[in-house]
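Q: I would like a close look at a single part of this model, taken slowly and with the terms explained as they come up.

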Amino acid sequence: AKMSDQDVIDHLVKVKGIGRWTAEMFLMFTLGRKDVYSLGDLGLTNGIKKLYQIENPTKEQILKITDKWSPYRSFGSLVLWRCLDTPLVEKVNIRKYKDNDLPQIINLWQGVLFKVFNNDPNINDDTVEDIPTTYGKNFLVAEVDNKIIGTVGFILEKNNARLKRMYVDIKFQGSGIAQKLYEQIEKLIKRSGIHKIILSTYPPMTRAISFYRKNGFKEFKKD
C-alpha cells in the first residue's frame, strides 16, 4: 500500500541526518507528491512575505493561506519559490510612446526574441517600424524607474484591432506587467469602437500564448 505523506516523513526522520525539511523535499521532488508545504523552508516564508505583504507571518497565518491550496500545495510552493526570482513591481507607469523611447524599445524587443529563440544569433528583429506612423497614438510602454520594460500597440484593420509588439522584459515576466499593458490597450481599442482583437505570435513564445488564452483569445490558422 502507498504510504501517506506523514508516514514517509516519520520513516525518513528516523535516519540520522535527515530532518523534516529534507523529508518534505523528498516527498515533493522525488516521490512527486502534490500536497506538500514545508513550514521550515525559509524561501517559502519569504515568498509569503512578498506575495501577501506580511512582514513577519506567523505559523497560523501561513497555514491559513496554504491550507486553501490543498490538495495542490506543492504547486503553490513552486509558485512561491518562483516569485522570489521575479521583481515585485509596485509602481509601474503605463504611458504613450515618446520619440526618445526608441533605443530602449529596440533593446527590449531584441533581448526578448534572443532569449525566446535560445540565443540563436540569426534571430534579430531588424524590421523596426516607424512607431508614430504605424500606430499613431495607439502605442504604449511600461516603465519602472524610467526604464522601459514592456510595450504594446495596435493597428486598425477593417473591423478588427490587430495587437502588435506585446513584449515584456524577461526579468519582469510573471510580475503582472503584460496584464497591465493589455488592460490599458484594450481600453484604447474599445474607445475606438472596435470589439474584436486579433494577433499573431510565434509557436516558441509559449508564455505569451498562455497569456493570450487566459485573456480569452482563441487560436485559428491562417488560410
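In the hairpin of E2 and E3, which residue takes a positive phi?

A: Asp145 takes a positive phi near 55° in that hairpin, which has two residues between the strands. This is a predicted model, in which local features need pLDDT of at least 70 and side-chain atom pairs count only at pLDDT 80 or more, while totals for chains, interfaces and linings use all residues. Residues are numbered from 1 along each chain as its sequence is written, and side-chain values use heavy atoms, with hydrogens and water left out.

The hairpin belongs to an open sheet of five strands, ordered E1-E2-E3-E4-E5 with mixed pairing; strands (E, at least two residues) and helices (H or I, at least four) are DSSP runs numbered from the N terminus, and two strands pair if DSSP finds at least two bridges between them. Strand E1 (93–96) and strand E5 (197–199) stand at the edges, each with a single partner strand, so one side of each is left without a neighbour in the sheet. From one strand to the next the twist averages 30°.

Within the hairpin itself, E2 and E3 run antiparallel and are joined by six bridges, and Val141 has Thr151 in E3 as its bridge partner. E2 is also joined to E1, by four bridges and again in an antiparallel arrangement, with Glu143 in E2 as the bridge partner of Asn93.

As for its surroundings, E2 is mostly covered, since six of its six residues are buried, where buried means under 20% relative accessible area, exposed over 50% and partly exposed in between, with a 1.4 Å probe and protein chains only. Phe139, Val141 and Glu143 point one way from the strand, whereas Leu140, Ala142 and Val144 point the other way, and all are buried.

Further along the sheet, E4 (residues 160–168) and E5 run parallel and are joined by three bridges, and Arg162 stands opposite Ile198 in E5. Helix H8 (residues 177–191) lies across E1, strand E2 (139–144), strand E3 (147–157), E4 and E5, and runs at about 155° to E4; axes here are lines fitted to C-alpha atoms, for helices over the stretch in contact (heavy atoms within 4.5 Å), and angles run from 0 to 180 degrees between N-to-C directions.
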